[in-house]
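Q: I have a structure here and would like to go through its strands and its core. Could we begin with the sheet?

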Amino acid sequence: MTLQLSILSGKKAGASWVARRFPVRIGRAPSNDLQFEEEGVWNEHLILDFSPTDGFVLQAQTNALVSLNGETVERSLLRNGDVLELGSLKLQFWLGDATQRGLQLREWFSWACILAVCLGQIILIYWLVRS
């Protein structure tokens with residue numbers, strides 16, 4: 001599962017960022033997965049994690065101010081389109097694009113089965129005509 005964050009305000013406004021590994025750490029410090037230098041963003045501001053049972057979970061660090069759709073939260077489940085505010089920064093949460101698995105093996109198998117049935121019918125007809 002992937003998530004995408006669209007940056008709505010700040011120095012990187014208009015950009016998007018995709019996460020494929022969790023947890024994702026967001027803050028001012030260079031050690032974070034996603035780093036911002038806007039006012040009000042702490043060194044380690046929040047963590048986004050994925051739980052197979054719950055979905056995407058936002059966990060604000062102690063005393064860090066995080067607003068989700070205009071309401072202050074410490075921990076919350078995220079839904080597609082939610083807007084996060086960290087200090088003067090605004091981010092929008094989106095589910096990442098789904099990737100389709102390759103179907104080439106299944107397609108080859110289907111054609112092989114069709115060929116086998118056709119060959120079987122030809123052999124059966126030939127056997128019946130010779131009898």
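Q: In what order do the strands of the open sheet lie?
A: In this predicted model, 6 strands form an open sheet in the order 2-1-11-10-7-8, and the pairing is antiparallel.

Q: And which strands stand at the edges?
A: The edges are taken by strand 2 (16–19) and strand 8 (71–72). Each has a single partner strand, so one side of each lacks a neighbour in the sheet.

Q: How many bridges join strand 7 to strand 8?
A: There are 2 bridges, and the two strands run antiparallel. Leu-68 stands opposite Glu-71 of strand 8.

Q: What about strand 7 and strand 10?
A: They pair in the antiparallel sense over 3 bridges. Ser-67 has Glu-85 in strand 10 as its bridge partner.

Q: Then how is strand 10 connected to strand 11?
A: The two form a hairpin with 2 residues between them, and Gly-87 in the turn has a positive phi of about 60°. Strand 10 and strand 11 are joined by 4 bridges; Leu-86 has Leu-89 in strand 11 as its bridge partner.

Q: Which side chains of strand 10 are buried?
A: Leu-84 and Leu-86 point to one face and are buried, whereas Val-83 and Glu-85 point to the other and are not.

Q: Changing topic: how many residues has the largest nonpolar core?
A: That core has 23 residues; Leu-5, Ile-26 and Leu-48 have the most contacts inside it. Among the elements giving two or more residues to this core are strand 1 (3–7), strand 3 (24–27) and strand 10 (83–86).

Q: What is Ile-26 in contact with?
A: Beyond its neighbours within four places in sequence, Ile-26 is in contact with residues including Leu-5, Phe-36, Leu-48 and Leu-86.

How values were computed. Residues numbered from 1 in each chain as written. Predicted model: local features only at pLDDT ≥ 70, side-chain atom pairs only at ≥ 80, totals over all residues. Heavy atoms only, no water. Core = buried A, V, L, I, M, F, W, Y, C linked by side-chain atoms within 4.5 Å. Buried < 20%, exposed > 50% of the residue type's maximum accessible area, 1.4 Å probe, protein only. Contact = heavy atoms within 4.5 Å. Pairing = 2+ DSSP bridges.
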